[in-house]
Amino acid sequence: MTLNLTDYLKGLQSAANQGLFNAMRRGIEKETLRTTPTGKISQTNHPKALGSALTHPHITTDYSEALLEFITPVSASREASLAFLLDLHRFSLARLEEHELLWPASMPCELEGNDSVRIAEYGTSNVGFMKHVYRRGLDTRYGRIMQSIAGIHYNVSFPDELWPLLAEIEGLPLEAANKDWRSAKYFSLIRNFRRHSWLLMYLFGASPALDVSFLKGNNKHPLKQLAAGTWGEPTATSLRMSDLGYQNKVQGTLSICFNSLDNYINTLQNAIDKPYPDYAAIGTKVNGAYRQLNTGILQIENEYYSDIRPKRVMHSGQKPNEALREDGVEYIEVRCLDINPFLAGGIDVAQMYFLDAFLLFCLLEPSPQLNEADCKNINVNLKKTVNFGRNTKQLINDQPLQQQASELLQRLQPVCQLLDSSTETTPFCDALKQQQAKVDDISLTPSAQMLKLVEECDGYVPAVLKLAKAQREQLLASPINKARETLFMELSSSSIKQQQAIEAADSIDFDTYLQQYFAS
């Protein structure tokens, strides 16, 4: 029996009235560069007052020693998630050295060549050194400058009670709603997300310009000079998601269209196991020094870049693929979101409401499997939107982008109404109206607002630096939650001890550790 969106909404109405979707859970990961007061990338070590980047559960680093990553705990409250994220900013800002700032934009501050982006350090343990060598491999393959880009990852899981309800609507026995069926449903969501993610790039893209230092050594870029030391595209929405950002032609040969969990796992594993000639020529360990973890297209699963990923919390010592294969998909990770530079947390509650509605729509909307032509069309739509999404003549699926955006938002209306049915207020429908306003008026998009500020400040770095300083004052003027501050201080101290314990417990050399890791 083939069901449509209306069938699912009707079948879920009673449960929604009783608050089923109030149990949706989310977590936020936000990356942000530490910079000098003049807007240059920091050259200092990860502040000791922030604890160990290896073991702290909420404050770590991504690629670079200067690229902080804030991680909120899983929560059913959007407001609580944002409050925790903002307190991570407050705690860190109060402990940065040499008057450093947190860069509130996705495209980086002023860089001074590849070597100015220091590779993150995680101590002397085998697990810490593996994280460092992995980043050496990213440098060898793609360069460090690309690794200075920051973003927001939005992680979402649906209530356990939802899955038997969906099975019942589909006329299946309750026992059919097992881990394999649930994983297939999450992959249906992922396929629809990829079909429609261009809309998120239009609504939330906030990186239409960048500093000239990001382009060092790249003389073939298509960008235009917008101001002194500033390049961009006047109608772009997200250069972070363009060919200049998190894209890789070698990974493009993997052709992952997310039709099944098994195919996804097997394709990634093959990309890790099979040597790639160009990377084999680089070598793994040369003259006693590691250049990369291995010579596969991917060193590990996390190297594969996609705008969305299926995820599962891993047990100690478990690999991502192993966790997915054994227990199925637990949640999804949205990875295509730019940091909104006008918001102290880079995201707000209204955006979370919209994202949750968008993801539920993607879950419930019919989602046929993707063929090669579908995957190509998805990539074309994404490139059109990130590079020229505010061009009023831009076409998506052979129709004007704004028309397609309005039609897609209209299809989300009944989903937002369903989600609002358990409350006296209408936060989901209100968030939907905010997004429709951006479609009706291009100047309301974050990318348009960013270009306006760049013009007013005569440059990208001066514009973002102005925001960084204002947000520092704004955040520190509002007191941190005392219980959270105490928690963060305790975690900073205990994480350093935990790293030391891991280092002391190592009983084999790194060569053996790495061999055992890939053999397991």
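**Buried faces, a helix span and cysteines**

Modeller: In helix H8 (residues 320-327), the residues Asn 321, Ala 323 and Leu 324 are buried, where buried means under 20% relative accessible area, with exposed over 50% and partly exposed in between (1.4 Å probe, protein chains only). Helices (H or I, at least four residues) and strands (E, at least two) are DSSP runs numbered from the N terminus.

Modeller: This is a predicted model, in which local features need pLDDT of at least 70 and side-chain atom pairs count only at pLDDT 80 or more, while totals for chains, interfaces and linings use all residues. Residues are numbered from 1 along each chain as its sequence is written, and side-chain values use heavy atoms, with hydrogens and water left out.

Colleague: How do you know that the buried residues of H8 line one face of the helix?

Modeller: Seen down the axis of H8, they fall within an arc of 165°, and therefore they line one face; the arc is that of the directions from the helix axis to the C-beta atoms. Helix H6 (261-273) and E11 are among the elements that cover them.

Colleague: What makes the span of helix H3 agree with its number of residues?

Modeller: The expected span is 1.5 Å times one less than the number of residues, so the 17 residues of H3 (residues 126-142) should span 24 Å, and the end C-alpha atoms are indeed 24 Å apart. H3 is mostly covered, since 12 of its 17 residues are buried, and these pack against strand E2 (59-61), helix H7 (277-282), E10 and helix H16 (510-519).

Colleague: Why is Glu 303 called buried?

Modeller: Its relative accessibility is 5%, and the cut-off is under 20%, so Glu 303 counts as buried. Glu 303 lies in the loop between strand E10 (289-290) and strand E11 (308-311). Leaving aside neighbours within four places in sequence, Glu 303 is in contact (heavy atoms within 4.5 Å) with residues including Tyr 134, Leu 138, Arg 141 and Tyr 142, and these four are among the buried residues of H3.

Colleague: How do you know that Cys 429 and Cys 416 are too far apart for a bond?

Modeller: A disulfide is a pair of cysteine sulfur atoms within 2.5 Å, whereas the sulfur of Cys 429 is 5.3 Å from the closest cysteine sulfur, in Cys 416, and is therefore too far for a bond. Cys 457 is likewise in no disulfide, with the nearest cysteine sulfur, that of Cys 109, 16 Å away. The structure holds 0 disulfides.
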